[in-house]
Amino acid sequence: MTIEFTKYHGLGNDFILIDNRCDLTPLITPEMAIRMCDRHFGIGADGVIFALPGQKGTDYTMRIFNSDGSEPEMCGNGIRCLAAFLTELEGISRSKDYYLIHTLAGVIRPQLTDDGQVRVDMGSPRLLAQEIPTTLAPGNSKVINLPLEIGNQTWHITCVSMGNPHCITFVEDVASIPLEIIGPEFEHHPVFPQRTNTEFIQVVNPHHLKMRVWERGAGITLACGTGACASLVAGVLNNLCDRMAIIELPGGNLEIEWSETDQRIYMTGPAERVFTGKM
Ligand SMILES: N[C@@H](CCC[C@H](N)C(=O)O)C(=O)O
């Protein structure tokens, strides 16, 4: 079988995009995705994203496999890449500058901006312990600045779901965090029954946060869109930042806003095509 693909990245968070508009079933299996994402024996990527037909009145459906073959509910950098990929697939027949995308986290709306970026209506953050999910607090209460023991240390964590789970910790200096050692301990901690993405945040000032991330199913990545959104929400809940801020990631900057008007999160950032190929 030959699979055509296009490689994209959003701030170095890279994905193999597959045109799957013919069918609601992904053209490749999670096992094949693991092999394609391998940086030594495959194409190399943090995940594989499928552009599938729309459902329930949406234009398209997005599904994604992480590089370990697991399937997350949403991917922020990925949905910007998907919007750019769909624009390329539709060519001049494209009738509008936004898409309604069905995801496991609900309907997400990416919009192409005049300066070539993508602004995404990411929906509203979910804050209850049962929505993350985490067992760290009673199901109907929020997890804001609660202590958690990991690696002989007490971390104060805030949990936010952007459809997928995020655990955020504010630190003095993100560069000093041994991500490859403690990242997996957070991801697999028993208080997170569906594992978790983990963000370490340094507050530079109320409009500027510096972030490093350990992603569920992908490990250290250069950027995480849902993680940046969740971190801004955690910053607001802890009175550490404004509702609009630049999130500085190893791969570049994202602009995130938690709108006071509709309580939704808006993320703006780039999506870059790298190359196409056949496998
Ligand atoms: N990098 C993504 C998030 C991808 C999914 C994540 N690894 C998970 O399992 O939830 C982003 O930009 O949001």
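## Around the ligand

Q: How far is an oxygen atom of the ligand from an N or O atom in the side chain of N164?
A: Bear in mind that this is a predicted model, where local features need pLDDT of at least 70, side-chain atom pairs need 80 or more, and totals for chains, interfaces and linings use all residues. Residues are numbered from 1 along each chain as its sequence is written, and side-chain values use heavy atoms, with hydrogens and water left out. The N164 pair is a polar contact (N or O atoms within 3.5 Å). The distance is 2.9 Å.

Q: What share of the ligand's accessible area does the protein cover?
A: Backbone atoms join in too: a polar one of G225 is 2.6 Å from a ligand oxygen, and an N or O of N77 is 2.9 Å from one. On its own, the ligand has 370 Å² of accessible area (Shrake-Rupley, 1.4 Å probe). Of that, the protein covers 99%.

Q: Which elements give two or more residues to the shell around the ligand?
A: The shell holds residues with a heavy atom within 4 Å of the ligand. Its 14 residues split into four nonpolar, eight polar (Gly counts here) and two charged. Domain 1 (2-120 + 268-276) and domain 2 (127-262), with bounds from an automatic or database assignment, each supply at least three. Among helices (DSSP H or I runs of at least four residues) and strands (E, at least two), the elements asked for are α2 (76-90) and α4 (225-237).

Q: Which residue is joined to I132 by a cis peptide bond?
A: Most peptide bonds are trans. Here omega is about -5 degrees. The partner lies in the loop between β7 (118-121) and β8 (146-150), and is P133.

Terms used
A polar contact is a pair of N or O atoms within 3.5 Å; within protein, one must be able to donate a hydrogen and the other to accept it, and residues adjacent in sequence count only if both atoms are side-chain atoms.
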